[in-house]
Amino acid sequence: MSERDAGQGRRGAIAGLLFAAIVVGFGLGLAHSLTAASKMQDCLMSGRSNCNVIEPAR
């Protein structure tokens, strides 16, 4: 295997790793959004009218 072939393989591996990191980040963001929506739906389905999230003071 020449140095040129090794560079091509390394470049492909880095591109694959970058793609995987982007997919994992997107998946985590989607999971967070779905969890928040589920909690909001649970609150509304229980009959409460004030389901706003209260942020603690810092």
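At 43% relative accessibility, Ala-36 counts as partly exposed, because that value falls between the 20% cut-off for buried and the 50% cut-off for exposed. Keep in mind that this is a predicted model. Ala-36 sits in helix H1, which takes in residues 3-45, and Ala-36 is also one of the residues lining the largest pocket. Here's a quick tour of the rest.

**Overall make-up**
- The protein has 58 residues, and buried ones make up 3% of them.
- Its secondary structure comes to one helix and zero strands.
- The accessible surface is about 5500 Å², and carbon and sulfur atoms account for 64% of that area.

**The disulfide**
- If you go looking through the whole structure for disulfides, you'll find one.
- The partners are Cys-43 and Cys-51, with 2.0 Å between their sulfur atoms.
- The torsion about the S-S bond of Cys-43 and Cys-51 is about -85°, so this disulfide is left-handed.
- Both cysteines, Cys-43 and Cys-51, are buried, since each comes in under 20% relative accessible area.

**The largest pocket**
- There's about 150 Å³ of space in the largest pocket.
- Its lining is made up of His-32, Thr-35, Ala-36, Lys-39, Met-40, Cys-43, Cys-51 and Val-53.
- Sort those lining residues by type and you get five nonpolar, two polar and one charged.
- Both disulfide partners, Cys-43 and Cys-51, turn up in this lining.

**Ala-36 and Val-53**
- Ala-36 and Val-53 both help line the largest pocket.
- Along the sequence, Ala-36 and Val-53 are 17 residues apart; in space, their C-alpha atoms are 9.8 Å apart.

Note on methods. Residues are numbered from 1 along each chain as its sequence is written. This is a predicted model: local features need pLDDT of at least 70, side-chain atom pairs count only at pLDDT 80 or more; totals for chains, interfaces and linings use all residues. Side-chain values use heavy atoms; hydrogens and water are left out. A disulfide is a pair of cysteine sulfur atoms within 2.5 Å. Buried means under 20% relative accessible area, exposed over 50%, partly exposed in between (1.4 Å probe, protein chains only). On a 1 Å grid over the protein atoms alone, a cavity is a set of points where a 1.4 Å probe fits but cannot get out, and a pocket is an open set with protein on both sides within 12 Å along at least five of seven lines; lining residues have an atom within 4 Å of a point. Grid points are joined across faces, edges and corners, and a volume is the space filled by probe spheres set on the points. Ala, Val, Leu, Ile, Met, Phe, Trp, Tyr, Cys and Pro count as nonpolar, Asp, Glu, Lys and Arg as charged, and the others, Gly among them, as polar. Helices (H or I, at least four residues) and strands (E, at least two) are DSSP runs, numbered from the N terminus. Accessible areas come from the Shrake-Rupley method with a 1.4 Å probe; for residues, only the protein chains shown count as cover.
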